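Visitor: I would like a close look at the nonpolar interior of this protein, and I would be glad if you set it in the context of the rest of the chain. Please take your time over the residues involved.

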Amino acid sequence: MTTDPNCAYCAEGALVDAFGIKICELPASKLYLFKEQSHKGRVIVASKYHVSEMIELSDADRHAFMDDVNHVAKALHKAFAPKKVNYGAYGDTGHHLHFHLVPKYEGEFEFGGVFEMNPKRVTLEPAEYDALIAAIKAAL
């Protein structure tokens with residue numbers, strides 16, 4: 001497996017700590033809680049492989065990654081009952097395949113539109129992050 005020591009998802013530690021908290025590892029990915037929680041339960045599903053796009057994965061690895069994304073989406077619906085989950089796959093600068101799974105709730109500031117990458121509206125206390133992580137783990 002190729003890794004990049006300058007990549008937050010490969011190196012973990014301080015690079016990923018700047019924006020996320022590792023929840024767990026899944027068969028084909030690593031799951032992180034996004035620290036900015038304007039959308040309760042927002043997470044990132046990052047491939048265990050350092051690839052820029054899905055086309056760089058084998059069919060089996062791509063299916064396994066998307067199975068993880070689907071599994072996490074189901075867990076978010078079970079844990080938080082959002083009206084919708086938005087999926088964002090960017091990586092213009094990061095070049096490591098990852099999806100943002102963003103629960104959307106009716107009446108929320110962005111409901112009906114595209115989610116803002118980092119609105120910097122809601123950060124939590126450590127115990128609140130722990131509670132979200134526990135709810136997600138219980139639903140996985």
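Guide: What follows goes from the chain as a whole to its nonpolar core, and then out to some residues of the loops and the leading segment.

The model is a predicted one, so the positions discussed here are those of a prediction. The protein chain holds four helices and five strands, and when it is read along the sequence these elements come in the order α-α-β-β-β-α-β-β-α. The radius of gyration is 14 Å, close to the 14 Å that the globule rule gives for 140 residues, so the chain is as compact as a globular protein of that length. Along the principal axes, the C-alpha atoms fill a box of roughly 40 × 30 × 30 Å. Of the 140 residues, 44% count as buried, and the accessible surface of the chain comes to about 7,300 Å², with 53% of that area belonging to carbon and sulfur atoms. If one takes the contacts between residues at least 6 apart in sequence, 53% of them join residues at least 24 apart.

With that frame in place, we can turn to the interior. The largest nonpolar core has 25 residues, and those with the most contacts inside it are Leu31, Val43 and Leu101. At least two residues of this core come from each of β1 (20–25), β2 (29–34), β3 (43–47), α3 (59–80), β5 (98–104) and α4 (126–139). The element that gives the most to the core is α3, which supplies six residues.

Val43 is a good residue from which to look around. Once its neighbours within four places in sequence are left aside, Val43 is in contact with Ile23, with Leu31, Tyr32, Leu33 and Phe34, with Val72 and Leu76, with Phe99, His100 and Leu101, and with Ile136. Set against the ranges of the elements, Ile23 falls within β1, the residues from Leu31 to Phe34 within β2, Val72 and Leu76 within α3, the residues from Phe99 to Leu101 within β5, and Ile136 within α4. Two of these partners, Leu31 and Leu101, are named with Val43 itself as the residues having the most contacts inside the core. Apart from this core lies another, of nine residues, which include Tyr9, Cys10, Val16 and Ala46.

One member of that other core leads on to the start of the chain. Thr3 lies in the segment before α1 and, leaving aside neighbours within four places in sequence, is in contact with Cys10 and His50; Cys10 is among the residues of the nine-residue core. Thr3 itself counts as exposed, because its relative accessibility is 51% and the threshold for that class is over 50%. The C-alpha atoms of Thr3 and His96 are 9.6 Å apart, although the two residues are separated by 93 places along the chain. Thr2 belongs to the segment before α1 (8–11) as well, and with 55% relative accessibility Thr2 counts as exposed. From Thr2 to Lys48 the distance is 9.3 Å, C-alpha to C-alpha, across 46 residues of sequence.

The loop between β5 and α4 offers two further residues to examine. Leu124 is found in this loop, and its relative accessible area of 22% makes it partly exposed. Apart from residues up to four places away in sequence, Leu124 touches Gln37, Tyr129 and Leu132, while its C-alpha atom is 25 Å from that of His71, a residue 53 places away along the chain. Lys120 sits in the loop between β5 and α4 too, where a relative accessibility of 68% makes Lys120 count as exposed. Lys120 and Val45 are 20 Å apart, C-alpha to C-alpha, with their positions 75 residues apart in sequence.

Two other loop residues deserve a careful look at their backbone. Glu12, in the loop between α1 and α2 (13–17), has a phi near 55°, which is a positive value in a residue other than glycine. Ala81, in the loop between α3 and β4 (84–88), is not a glycine either, and its phi is positive at about 50°. With a relative accessibility of 59%, Ala81 counts as exposed.

Definitions and conventions. Residues are numbered from 1 along each chain as its sequence is written. This is a predicted model: local features need pLDDT of at least 70, side-chain atom pairs count only at pLDDT 80 or more; totals for chains, interfaces and linings use all residues. Side-chain values use heavy atoms; hydrogens and water are left out. The radius of gyration is taken over C-alpha atoms; the globule rule is 2.2 Å times the number of residues to the power 0.38. Buried means under 20% relative accessible area, exposed over 50%, partly exposed in between (1.4 Å probe, protein chains only). Contact means heavy atoms within 4.5 Å. Accessible areas come from the Shrake-Rupley method with a 1.4 Å probe; for residues, only the protein chains shown count as cover. A nonpolar core is a set of buried Ala, Val, Leu, Ile, Met, Phe, Trp, Tyr and Cys residues joined through side-chain atoms within 4.5 Å.
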